[in-house]
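Reader: I would like to go through how helix packing, burial and ring pairs are read from a model. Please take them one at a time.

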Amino acid sequence: IGLLIAFFWLSQGELFVSVEKVESLAFNAQFSPQNIFWFWLVHAGYPHLLANLFSLLIFGYLLEKKLGKRHLLGLFFTAAVGAPLLYTLMVPQIQLVGASAGISALFVASFVFEPKKTVIGLLATIFLVAILTVATTAIFQAIKESIQNQQAKTEQDLNQAIQNQDISQQQILQQELNQ
């Protein structure tokens, strides 16, 4: 829930976070102390977010019974922050966003305890993300086209109103000249 809220807050209700915001909140060599908190909440887009959310639900569920809530959260946050820190030391020019490092740790631990269920969970995540990405892309493309059509219609109506006003003004001027 926190990932969803953060994503929609950071994207200002859109389904993507601006490049500027990603760059300002990413974990990178120009480290800012607040980014240790923000970078794992920022996702490159809704497919990235959906993949992490479904993975967190599936692998978190598989591990919670084995590890308990406290150890599960410890593993997730240690990997979510620790792995990008190590990676940034090795490849300083890259900017990292998302909770994928924490999710990867949950995946590996889940695979150790429940390999068959983990593989099924991974395939289910891939399938769900693919279906939702295609469906939402089609829906948002239709919405975008509808908005563009409405904007074109509004512009056309505005131009027509301006032309009608010009004609009316010309008629008034003509009547004044005739009198």
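Author: The turns below go through a helix pair, a cluster of rings and two residues. The model is predicted.

Reader: At what angle do the axes of helix H4 and helix H7 cross?

Author: The axis of H4 (residues 46-67) crosses that of H7 (residues 115-178) at roughly 150 degrees, and the two axes come within 9 Å. Angles over 145 degrees count as roughly antiparallel, and H4 and H7 are therefore roughly antiparallel to each other. The crossing in which H4 passes H7 is right-handed.

Reader: Which residues make the contact?

Author: On the H4 side the contact is made by Tyr-46, Pro-47, Leu-50, Ala-51, Phe-54, Ser-55, Ile-58, Phe-59 and Leu-62. H7 contributes residues including Lys-117, Thr-118, Gly-121, Leu-122, Thr-125, Leu-128 and Thr-137. By class, the contact of H4 with H7 has 13 nonpolar residues, seven polar and one charged.

Reader: Take one residue of H7. Is Thr-125 buried or exposed?

Author: Burial is judged by relative accessible area, with under 20% as the cut-off. Thr-125 has 4% relative accessibility, so Thr-125 counts as buried. Leaving aside residues up to four places away in sequence, Thr-125 touches Ala-51, Phe-54, Ser-55 and Ile-58. These four also appear among the H4 residues of the helix contact.

Reader: How is a pair of aromatic rings described?

Author: The description uses the distance of the centres and the angle of the planes. Here the count comes to three aromatic pairs. In one of them, Phe-59 and Phe-107 lie 5.3 Å apart centre to centre, with 70 degrees between the planes. Planes over 60 degrees apart count as edge-to-face, so this pair is edge-to-face.

Reader: Where in the chain do Phe-59 and Phe-107 sit?

Author: Phe-59 is in helix H4 and Phe-107 in helix H6, 48 residues apart, and the pair links distant parts of the chain. Phe-59 counts as buried because its relative accessibility is 1%. Phe-107, with a relative accessible area of 27%, is partly exposed. Ring pairs also bring in Phe-111, forming a cluster of Phe-59, Phe-107 and Phe-111.

Reader: Which residues does Ser-110 touch?

Author: Ser-110 is found in helix H6, residues 100-113. At 1% relative accessibility, Ser-110 counts as buried. Apart from residues up to four places away in sequence, Ser-110 touches Phe-59, Leu-62, Leu-63, Pro-115 and Thr-118. Among these, Phe-59 and Leu-62 of H4 and Thr-118 of H7 also take part in the helix contact.

Terms used
Residues are numbered from 1 along each chain as its sequence is written. This is a predicted model: local features need pLDDT of at least 70, side-chain atom pairs count only at pLDDT 80 or more; totals for chains, interfaces and linings use all residues. Side-chain values use heavy atoms; hydrogens and water are left out. Buried means under 20% relative accessible area, exposed over 50%, partly exposed in between (1.4 Å probe, protein chains only). Contact means heavy atoms within 4.5 Å. Axes are lines fitted to C-alpha atoms, for helices over the stretch in contact, and angles run from 0 to 180 degrees between N-to-C directions. Angles under 35 degrees count as roughly parallel, over 145 as roughly antiparallel, 65 to 115 as roughly perpendicular and the rest as oblique. A crossing is left-handed if the near helix is turned anticlockwise from the far one by less than a right angle, and right-handed if clockwise. Ala, Val, Leu, Ile, Met, Phe, Trp, Tyr, Cys and Pro count as nonpolar, Asp, Glu, Lys and Arg as charged, and the others, Gly among them, as polar. Rings of Phe, Tyr and Trp (its six-membered ring) pair if their centres lie within 6.5 Å; planes under 30 degrees apart count as stacked, over 60 as edge-to-face and the rest as tilted.
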